[in-house]
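Dear colleague,

I am passing on the structure below, together with notes on what I found when I went through it. Please read the notes with the coordinates open beside you.

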Amino acid sequence: MSRILHFYVRPSGHEGAASGHTRRKLQGKLPELQGVETELCYNVNWTAEVLPSADEMKKLMWLFGCPLMPGDVAQESWLLLGASDLLLEVGPRLNFSTPSSTNIVSVCRVAGLEAVDRVETTRRYRLSVWP
């Protein structure tokens, strides 16, 4: 039985400019929009019968993180939703594997993570709007 594990990457400082650009573009369509925050999510298909061990989890967190920002990967989302916020997740279709998934799975296999057979990356947006 396979499970989907989620690893959320904290937004870094350089994403502020991208969020500002996204907010300006969306405000033309959604004038109530007050702010945009983003994060990446690595969706890992884990095929082993048991959840990853502590050592395997440490490897996964290291693989998806930035070496200059320790603690930037979590299994819970960094985006905290308010009552009037919208959450939008954008990523590839589920019916085919992307080339980046193939590359990430190869790296996982080299790192001894044989139970990983697919990793798809999505970008999550928290859209803050006026209530």
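Helices (H or I, at least four residues) and strands (E, at least two) are taken here as DSSP runs, numbered from the N terminus. With those terms, tryptophan 130 lies in the segment after S5, and I return to this residue further down.

Two remarks on provenance come before the rest. This is a predicted model, in which local features need pLDDT of at least 70 and side-chain atom pairs count only at pLDDT 80 or more, while totals for chains, interfaces and linings use all residues. Residues are numbered from 1 along each chain as its sequence is written, and side-chain values use heavy atoms, with hydrogens and water left out.

Overall picture

The chain contains 3 helices and 5 strands, and along the sequence these follow the pattern β-α-β-α-β-β-α-β. The C-alpha trace spans about 50 × 35 × 25 Å along its principal axes. Of the 131 residues in the chain, 34% are buried, where buried means under 20% relative accessible area, exposed means over 50%, and partly exposed lies in between (1.4 Å probe, protein chains only). The accessible surface comes to about 8200 Å², and 60% of that belongs to carbon and sulfur atoms; these areas come from the Shrake-Rupley method with a 1.4 Å probe, and for residues only the protein chains shown count as cover.

If contact is taken to mean heavy atoms within 4.5 Å, then 80% of the contacts in the chain with a separation of 6 or more are accounted for by residues 24 or more positions apart. As for charge, the mean positions of the 14 positive and 14 negative charges are 7 Å apart, with Lys and Arg counted as positive, Asp and Glu as negative, and His and the chain ends not counted; each charge is placed at NZ of Lys, CZ of Arg, CG of Asp or CD of Glu.

The sheet

Two strands are said to pair if DSSP finds at least two bridges between them, and on that basis there is an open sheet of 5 strands in the order S3-S1-S2-S5-S4, with antiparallel pairing. Its edge strands are S3 (73–74) and S4 (86–90), each of which pairs on one side only.

Starting from the S3 side, S1 and S3 are antiparallel and joined by 2 bridges, while S1 (residues 3–9) pairs with S2 (residues 33–46) in the antiparallel sense over 7 bridges. Tyrosine 8 takes part on both sides, since its bridge partner in S3 is alanine 74 and it stands opposite cysteine 41 in S2. S2 and S5 run antiparallel and are joined by 13 bridges, and tryptophan 46 stands opposite valine 116 there. At the other edge, 5 bridges join S4 to S5, with leucine 86 opposite leucine 127. Strand S5 (residues 116–129) is largely enclosed by the rest of the structure, because 10 of its 14 residues are buried.

Two residues and one annotation

Serine 101 is in helix H3 (residues 99–110) and counts as buried because its relative accessibility is 1%. Leaving aside residues up to four places away in sequence, serine 101 touches Arg118, Val119 and Glu120. Its C-alpha atom is separated by 18 Å from that of glutamate 39, which is 62 residues apart from it along the chain.

Tryptophan 130, by contrast, is exposed, with a relative accessible area of 56%. With the same sequence neighbours left out, tryptophan 130 touches Glu32, Gln34 and Ser84; tryptophan 130 and glutamine 34 are 96 residues apart in sequence and 6.9 Å apart in space, C-alpha to C-alpha.

Finally, an unreviewed UniProt entry lists residues 84–129 as "domain: Phosphoribosylformylglycinamidine synthase N-terminal"; UniProt positions are given in the numbering used here, feature names are shortened, and annotations may be inferred rather than shown by experiment. Over residues 84–129 the chain is 26% helix and 41% strand, and the end C-alpha atoms are 6 Å apart.

With best regards
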